[in-house]
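This report describes a sheet, the helices that lie across it, and a contact between two helices. Please read it alongside the sequence and the structure shown here.

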Amino acid sequence: MDYLQHLLIPIVSTLLLLFLLKSFRNSKSTGKYPPSPPALPFIGHLHLLKSRLPTSLENLAKRYGPLMRIRLGAKEFVVASDEKTAREILKTFDADFASKFMTGPNTFHIYEDSSFVAAPYSDYWKFMKTLCMTRLFTGSQLDRFIGIGEEETCKLVKSLLKRSKAWEPCDLTEELSEVTNNMIYRMIVGRRCSKNLGQAAEIRNFILDSLKHAAKFQLGEMFGPLQKFDLFGNGKKIKSALMGYDRLIEQIMKDYEDNDLNNCGNDHEKDVMDILLETHKDTNAKVKLTRDQIKNFFMEIFMAGVDTIIAAIRSAMAEVINHPEVLKRLREEIDLVVGNNRLIDESSASKLSYLQAVVMETLRLHHPSPILRRLSRKDSKINGFNINKGSRVFINISTIMRDPNRYAEPEKFIPERFLANRGEVKGQDFHYMPFGSGRRACPGSYLAIPVMHLTIGALIQCFDWEVKDGDKDDNKAKGSGYSGACPSPLVCYPNTRFDPFQA
Ligand code: HEM
């Protein structure tokens, strides 16, 4: 015991001294660095994050301003919470903040340093982003994806017609989950595997499993030194789920390779896997893609694309069900433009301005991924404050998109506000940026928007909706975690209003 005391006293005193020195240094530089709430030793400001991350950060910003510093365990963050500060970071100094940082318990990732979504601003990231914007998610691939979207929407409507006939409730979130997952899967590997949609479900299960165990890491465990000890065995479970995914995707890749992937000539016939494997084999390509990078890219596309779309459609449906006046106006518009003898398709959806306004308002009020991340690549000055190279930056778009100076009654669902002022989703309005902005903006917006129009349009055109337990859905994000895209169940009865297959 004596021995232990002799050992502990100097360790604790040294740590305390280091902490006091650091606090003193920080307090001396308050004029130059963004303000920060008082921190506790070791945990920093973790104790101040009492609700969902975006809400906690919003509450702190009300006291400490639109640019503040916080510490979560061992890691320091700068948090931007208003339009002007966001514009500085995402436009004026976009290149200086074009890197990102990994979140989550990375120690257990099996494709180390292969991320695209969290990659630093590197040759690999630039190469992949250009590929996304020129071949993977635009042009003929976008046309292919919209065709897939229309087919999957038809399947969804047929499945709901059956439920309606049997007066069975359905969990709309679950139904949307299958449809959206199939869409992304078919876009990626549809040329070879479109018949095997069981594989799509398997991939989703592995990825969901890994995310479920990752979510069990407490913020303190995630940002502190405890992560590598894997105290509760969640790291091991993450690894095991990722290995399951790896086996499956490896098998799919081999199947493509063994079956002569160069079989199809133009991009219109290729799927995303074709294009990536072709790039992988191209000896003249600017960047040599590794197998791990391809596998990780697909996993990240599932993560970035599936739950965001599900969460957004789910929130839109709950809002429309909760607001009968919105439902009525939406339906009148659909009936007028599409008529009552065919199912809505993409070309008619693009003419429905109220439907588009409903989607825009949903993404403003219920954003599935409410915090943008950046990593500063050099020392800079934002709002007159110093930001050091290597600072991790959070941009709280959930707060920015509910700024009362920009939006009257910001907590209310009012699609009409986007009729008067159409706005746009490409990230040039820094008070409305559901797909982010600047170099790191979302490359999937061109896919997501038409799918949302199509699906919501079809659900409103064909069914009346009744929430199973009560009149309304509370439409609150249930996730306490990081991304916010935790779509909760929406159990309701679909009541057939129009059957397009009998028309
Ligand atoms: C409603 C649906 C979606 C929403 C709300 C959404 C939103 C976002 C946001 C806010 C970002 C971060 C942007 C930034 O930091 O400036 C992002 C990044 C990204 N999204 Fe989406 N997204 C959606 C759908 C999709 C889809 C369907 C795909 C692909 C098929 C996709 C792929 C990506 C990728 C790869 C990134 C990382 C880009 C980079 O780091 O350069 N997203 N998304």
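The pLDDT is the predictor's confidence in each residue, on a scale from 0 to 100. For this chain the mean pLDDT is 87, and 85% of the residues reach 70 or more, while the predictor gives the complex an ipTM of 0.99 and a pTM of 0.90. This is a predicted model, in which local features need pLDDT of at least 70 and side-chain atom pairs count only at pLDDT 80 or more, whereas totals for chains, interfaces and linings use all residues. Residues are numbered from 1 along each chain as its sequence is written, and side-chain values use heavy atoms, with hydrogens and water left out.

**The sheet**

Helices (H or I, at least four residues) and strands (E, at least two) are DSSP runs, numbered from the N terminus, and two strands pair if DSSP finds at least two bridges between them. Four strands form an open sheet in the order β1-β2-β7-β4, with mixed pairing; its edge strands are β1 and β4, each of which pairs on one side only. From one strand to the next the twist averages 30°, where axes are lines fitted to C-alpha atoms, for helices over the stretch in contact, and angles run from 0 to 180 degrees between N-to-C directions.

Two of the pairings are set out below.

| Strands | Sense | Bridges | Opposite residues |
|---|---|---|---|
| β1 (67–72) and β2 (75–80) | antiparallel | six bridges | Leu67 and Ala80 |
| β4 (371–375) and β7 (392–396) | antiparallel | five bridges | Ile371 and Asn396 |

Edge strand β4 is mostly covered, since four of its five residues are buried, that is, under 20% relative accessible area with a 1.4 Å probe and protein chains only, against over 50% for exposed and partly exposed in between.

**Helices**

Helix α2 (residues 53–64) lies across β1, β2, β4 and β7 and runs at about 130° to β1. Helix α3 (residues 83–92) also lies across β1, β2, β4 and β7, running at about 130° to β7. Contact here means heavy atoms within 4.5 Å.

Elsewhere, the axes of helix α11 (residues 291–322) and helix α17 (residues 445–462) come within 10 Å and cross at roughly 35°. Among the residues that meet are Ile309, Ile313 and Met317 in α11 and Val451, Met452 and Leu459 in α17. The residues of this contact divide into twelve nonpolar, one polar and no charged, with Ala, Val, Leu, Ile, Met, Phe, Trp, Tyr, Cys and Pro counted as nonpolar, Asp, Glu, Lys and Arg as charged, and the others, Gly among them, as polar.

**A caution**

Over residues 479–484 pLDDT stays under 50. Where pLDDT is low, the predicted coordinates should not be read in detail.
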